[in-house]
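Me: I am in my first year and would like to read a protein structure slowly, one question at a time. Could you show it and then reason through each answer with me?

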Amino acid sequence: MIKDILDSAEERMLKAERILNGEYASLRAGRATPALLDKIMVDYYGTPTPVNQTATISCPEPRLILIQPWDKKNLGAIEKAILKSDIGITPANDGQVIRLNIPQLTEERRKEMVRQCSKKAEEFRVTMRNIRRDINDEIKAMEKAKECSEDEAKKGLDDAQKLTDKYIKRIDELFALKEKEIMEV
């Protein structure tokens, strides 16, 4: 029973870690990556559709993203969606493809991005601690209702702490990697 609670909590923690990873992937770190465009929605014949479902996205150079729409009529819609987004890059449309030149980040902008990443990491650490609190509450309720022994409850609480420590460490590692990537010149 306690194992089921811990397994469920680990699934929630893993899902939160994946979400943080996705958030970090969509941050522009001075290098071209198709993940920059993941959250951009294009008006595709009246339906909001992710850019990657309307075009081929490639990175032929470290500072260039090339967007080649499957339907040339959508070139303008993709360009508008990029302009409306918050990625801060102006698209260059040549009638066939859209080019996104990724500019070098200034030192000030790099530090600002590291602060944003740090803030995100802290939000996810809090999420992990909230999940641990939920586990602890469930285990204590089971112990109070005599559904498990005191020893089983103590072991469950210890396992919950170990699980939380493991995922917080992984979040710290993700943050360290992203910080290193952002601060590279």
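Reply: Before we begin, one term is needed: a residue is called buried when its relative accessible area is under 20%, exposed when that area is over 50%, and partly exposed in between. Please also keep in mind that this is a predicted model.

Me: Is K146 buried or exposed?
Reply: K146 is placed in the loop between α3 and α4. Its relative accessibility is 73%, and because the cut-off for the outermost class is over 50%, K146 counts as exposed.

Me: What is the sign of phi in K146, the residue that follows α3?
Reply: K146 is a residue other than glycine, and its phi has a value near 60°. Coming after α3, K146 therefore has a phi whose sign is positive.

Me: How does the span of α3 agree with the one its 38 residues should give?
Reply: At 1.5 Å a residue, the 38 residues of α3 should span 56 Å. The C-alpha atoms at the two ends of α3 are 55 Å apart, which agrees with that expected span of 56 Å.

Me: Which helices do the buried residues of α4 pack against?
Reply: Helix α4 covers residues 150-183, and it reaches 49 Å from its first C-alpha to its last, close to the 50 Å expected for its 34 residues. Its buried residues include A153, L163, Y167, I171 and F175. The buried residues of α4 pack against α1 (2-25) and α3 (107-144).

Me: Which element gives the largest share of the largest nonpolar core?
Reply: The largest nonpolar core has 29 residues, and of these Y24, M128 and I135 touch the most other members. The elements that give two or more residues to this core are α1, α3 and α4. The largest share, 10 residues, comes from α3.

Me: How many residues are in another core that lies apart from it?
Reply: Apart from the largest core lies another one, which has A32, I65, I89 and I102 among its members. The number of residues in this other core is 19.

Me: Which residues does M128 touch, leaving out those up to four places away in sequence?
Reply: M128 is one of the residues that touch the most other members of the largest nonpolar core. When residues up to four places away in sequence are not counted, M128 touches M13, A16, E17, T164, Y167, I168 and I171.

Me: Which residue of β6 does I65 stand opposite?
Reply: Strand β4 is joined by four bridges to strand β6 (residues 98-101), and the two run antiparallel. Within this pairing, the residue of β6 that stands opposite I65 is L100.

Me: Which residue of β4 is the bridge partner of E61?
Reply: Strand β3 (residues 55-61) is joined to β4 by five bridges, and these two strands run antiparallel. They form a hairpin with two residues between them. In β4, the bridge partner of E61 is L64.

Me: How many of the six residues of strand β4 are buried?
Reply: Strand β4 covers residues 64-69, and it is largely enclosed by the rest of the structure. The reason is a count of its buried residues, because among the six residues of β4 that count is five.

Me: Which residue of β2 is the bridge partner of D43?
Reply: Strand β1 (residues 41-44) and strand β2 (residues 47-50) run antiparallel and are joined by four bridges. They form a hairpin with two residues between them, and Y45 in the turn has a positive phi of about 50°, although Y45 is not a glycine. In β2, the bridge partner of D43 is P48.

Me: Which kind of pair do the rings of Y44 and Y45 form?
Reply: The structure holds one aromatic pair. The rings of Y44 and Y45 have their centres 5.1 Å apart and their planes at 70°, and because planes over 60 degrees apart fall in this class, the pair is edge-to-face.

Me: Which two residues does N74 touch, not counting residues up to four places away in sequence?
Reply: N74 lies in the loop between β4 and α2 (75-84), and at 5% relative accessibility it counts as buried. Y44, at 26%, counts as partly exposed, whereas Y45, at 54%, is exposed. With residues up to four places away in sequence left out, N74 touches Y44 and Y45.

Definitions and conventions
Residues are numbered from 1 along each chain as its sequence is written. This is a predicted model: local features need pLDDT of at least 70, side-chain atom pairs count only at pLDDT 80 or more; totals for chains, interfaces and linings use all residues. Side-chain values use heavy atoms; hydrogens and water are left out. The expected span of a helix is 1.5 Å times one less than its number of residues. Buried means under 20% relative accessible area, exposed over 50%, partly exposed in between (1.4 Å probe, protein chains only). Contact means heavy atoms within 4.5 Å. Two strands pair if DSSP finds at least two bridges between them. Rings of Phe, Tyr and Trp (its six-membered ring) pair if their centres lie within 6.5 Å; planes under 30 degrees apart count as stacked, over 60 as edge-to-face and the rest as tilted. A nonpolar core is a set of buried Ala, Val, Leu, Ile, Met, Phe, Trp, Tyr and Cys residues joined through side-chain atoms within 4.5 Å.
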